[in-house]
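Reader: I would like a close look at a single part of this model, with enough of the whole around it to place it. Please keep the reasoning explicit.

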Amino acid sequence: MKNITVIGAGNGGMTAAYHFSKEGHSVCIYDHADFATQIDAINANGGITALAEHHGESMMFSGTEKITKATTNIKEALEFSSILVMICPSFAQEILFKDMLPYLTSEHKLIIMPGNYGGMVLQKMVNDSDKSDLNMVFIDAISIPWACRIVSPGVISIMGIKTFLPMSIFPQELSTSDLQADIQNVFPIPVEFLDDPIQAGLENINFGGHPLLTTLNMGILENFDGKFNYYRDCCSTATANAAAKMDKERLAVGASWGYDLRTELEAMNALYDSNYDTVYEFNRASTTHVKIDSAPASSKNRYITEDVPYLLVPCYELAKAKGIKVPIVESCIHIASAYNDENYFETGRTLEKMGLISQKSNI
């Protein structure tokens, strides 16, 4: 069993800390002092509780697990373990990394869930810092393993779990069979190792299902305050058809960079051990997703503010670099930018911010 530090105490971070502990690992969970609600609850209760039932639905992995350390001190958190699991919105990655950088060593391995090209961004930050000799490993996962929610301070619900989790190791030359085995030993599900963080970013299954469906359904989402099942009620035959067209754009971009990507339907069926014939059927009937009886309530939800700038913008940039047109991806970015009065083409994760232009020979 291992010591593991979880960076971030949101839905995913709390669930990761709970499940890692349930698997027998010793866990430290960190969050910034400005967001200490869950940290305070863990320290008050001595651990994290996962519900057996929520909203009349059966949940998974119920129980209460002790957490070894819950802290708002980043130095303490990084000294606890060489294995770091960062689960936070993509816009917070760079903020957290600046706090972490003084205490990082070449022994640390940072697993980012979801990665969204974060490994390359953070490597660029290392290269541009006074710790450019730092020789650590970044692992970009396509998502988190769990479908989960925080119910109240220190209490979570776990609706489902993926059957496996694709991720990449960066820099590639540091990937070894021993390192892959160490990473696998951390996770409660099998790990699939991808070629690099570009492939991991393009394989993120939130690519179309979140930003496009949210953009297309913004009126009903706002007017009904997100009080319905997002996956069932926002996916119609027409919106699923648009998502399928957008998925073809993603596949074309991947092919131009040398990747044979799974389709959205193939990925969802594989990750959730299902056998639906269409994305529409999956969204309407998935036994995991029908338990999520909520939806985004505004354009400020992460389905827009994270998935557009950190998934769609990189895809658009990768397409532009190869001379490929992606009109639905581009349109979705334009509409989301208009919703939030922000130019995501500029503020999103560009090739320059990823260090891809200067590091192209290393990718």
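Author: The mean position of the 27 positive charges of the protein and that of the 43 negative ones are 1 Å apart. These figures, like the others below, come from a predicted model.

A few other totals give the setting. The protein has 363 residues, and 56% of them count as buried. Its accessible surface comes to about 14600 Å², with 48% of that belonging to carbon and sulfur atoms. The C-alpha trace spans about 55 × 50 × 40 Å along the principal axes. In secondary structure, the protein contains 19 helices and 14 strands. The radius of gyration is 20 Å and the globule rule gives 21 Å for 363 residues; the two values are close, so the protein is as compact as a globular protein of that length. Among contacts with a separation of 6 or more, 72% are between residues 24 or more positions apart.

The part to look at closely is helix 6, which covers residues 177-186. Which of its residues are buried? They are Leu179, Ile183 and Val186. Viewed down the axis of helix 6, these buried residues fall within an arc of 50°, so they line one face of the helix. The spacing can be read from helix geometry: an α-helix has 3.6 residues a turn, so residues three or four places apart point the same way. On the other side of helix 6 are Ser177 and Asp178, both exposed.

The chain enters helix 6 from a loop that follows strand 13 (165-170), and Pro171 is in that loop. The peptide bond from Phe170 to Pro171 is cis, with omega near -5°. A second cis peptide bond is the one that joins Met113 and Pro114, where omega is about -10°. Pro114 is also in a loop, between strand 9 (109-112) and helix 5 (118-127). As background, most peptide bonds are trans, and most residues other than glycine have a negative phi.

The second half of that background applies to two aspartates. Asp273 has a phi near 50°, a positive value in a residue other than glycine. Asp273 lies in the loop between helix 13 (264-271) and helix 14 (279-285), and its relative accessible area is 65%; over 50% counts as exposed, so Asp273 is exposed. Asp341 likewise has a positive phi, about 50°, although it is not a glycine. Asp341 sits in the loop between helix 17 (327-340) and helix 18 (344-347). With a relative accessible area of 74%, Asp341 is exposed.

Helix 1 (residues 11-22) offers two buried positions to set beside those of helix 6. Gly12 is in helix 1 and is buried, at a relative accessible area of 8%. Leaving out residues up to four places away in sequence, Gly12 touches Ile87, Ile144, Trp146 and Cys148. Gly12 and Ile150 are 138 residues apart along the chain, yet their C-alpha atoms are separated by 8.7 Å. Ser21 lies in helix 1 too. Its relative accessible area is 11%, and buried means under 20%, so Ser21 counts as buried. With the same sequence neighbours left out, Ser21 touches Val27, Glu65, Lys66 and Ile67.

To return to helix 6: Leu179, Ile183 and Val186 are its buried residues, and Ser177 and Asp178 are exposed on the other side.

Methods. Residues numbered from 1 in each chain as written. Predicted model: local features only at pLDDT ≥ 70, side-chain atom pairs only at ≥ 80, totals over all residues. Heavy atoms only, no water. Buried < 20%, exposed > 50% of the residue type's maximum accessible area, 1.4 Å probe, protein only. Helix = DSSP H or I, 4+ residues; strand = E, 2+ residues; numbered from the N terminus. Arc of directions from axis to C-beta. Rg over C-alpha atoms; globule rule 2.2 N^0.38 Å. Contact = heavy atoms within 4.5 Å. Areas by Shrake-Rupley, 256 points an atom, 1.4 Å probe, with all protein chains shown as cover. Lys, Arg positive; Asp, Glu negative; His and termini not counted. Charge placed at Lys NZ, Arg CZ, Asp CG, Glu CD.
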